[in-house]
Amino acid sequence: TALVGAVVLLLLAAGMGCTPGTPGPDSPTTSTTSTSSGATTTTVVGSEGLVIGAVAPVPGSPGGAYLYYPSETPSSRLIVFVHGGQGSLGSIWELPWWTQGLTGEGWHVASVDYRRMTATPAAASDVADSIRHLSSTLGIDGQDIVLFGHSLGAHPASLVAYGANSGQAFGTEVGAYVALAPVHQLWGLANASYF
């Protein structure tokens, strides 16, 4: 299934008219801080203000957090991964290796978290807040974003992708949506003509 997902993402990228050579973020800078125990920690932060490879909160979102991995080349393409986990399990660290590996193919990659064991709109709002934050910070248009939902994460991701918020959109846009092992609610969305 990982190979199929990678092929789907690459086919979507080819069909979206995205070019990896468009201007993207500048090279990262490094900040070093000392702790009271004398240990020194180093955090790499991109000049666009996104923490690289570390959990960071989404500004203004009560349940949103993200991991961010920049493209290895200047890029205006973004993959947002939403993990599964049966409502109480799962983690933004569960980013599939082949998805993170797409940074070498000219993609920025982010894994986003959401409130679990709560009403679905809250989880979907967290995903939407994360997409808005990453999109605005990186300067990436919604049409150049692929939203990828895995298992239970496919449900809030599908609500964001198809604007299913009691008939209103979540205020963000994505160019493509991929579901891997989605939960059954996708069938209901298809019946409600969100597709």
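Visitor: Why is Tyr177 called buried?

Guide: In this predicted model, Tyr177 has a relative accessibility of 15%. Buried means under 20%, so Tyr177 counts as buried.

Visitor: And why is Tyr162 called partly exposed?

Guide: Its relative accessible area is 24%. The partly exposed class lies between the limits of 20% and 50%, so Tyr162 belongs there.

Visitor: How do you know that Tyr162 and Tyr177 form an aromatic pair?

Guide: Two aromatic pairs are counted here. In the one formed by Tyr162 and Tyr177, the ring centres are 5.7 Å apart. The cut-off is 6.5 Å, so these rings pair.

Visitor: What makes that pair edge-to-face?

Guide: The angle between the planes is 85°. Planes over 60 degrees apart count as edge-to-face, so the name fits Tyr162 and Tyr177. The pair also links distant parts of the chain, with Tyr162 in helix α4 and Tyr177 in strand β8, 15 residues apart.

Visitor: Why is one side of β8 left without a neighbour in the sheet?

Guide: Picture an open sheet of six strands in the order β3-β4-β6-β5-β7-β8, with mixed pairing. Strands β3 and β8 stand at its edges with a single partner strand each, so one side of each has no neighbour in the sheet.

Visitor: How do you know that β4 and β6 pair?

Guide: Four bridges join them, and they run antiparallel. Pairing needs at least two bridges, so β4 and β6 qualify. Within β4, Tyr68 stands opposite Ala110 of β6.

Methods:
Residues are numbered from 1 along each chain as its sequence is written. This is a predicted model: local features need pLDDT of at least 70, side-chain atom pairs count only at pLDDT 80 or more; totals for chains, interfaces and linings use all residues. Side-chain values use heavy atoms; hydrogens and water are left out. Helices (H or I, at least four residues) and strands (E, at least two) are DSSP runs, numbered from the N terminus. Rings of Phe, Tyr and Trp (its six-membered ring) pair if their centres lie within 6.5 Å; planes under 30 degrees apart count as stacked, over 60 as edge-to-face and the rest as tilted. Buried means under 20% relative accessible area, exposed over 50%, partly exposed in between (1.4 Å probe, protein chains only).
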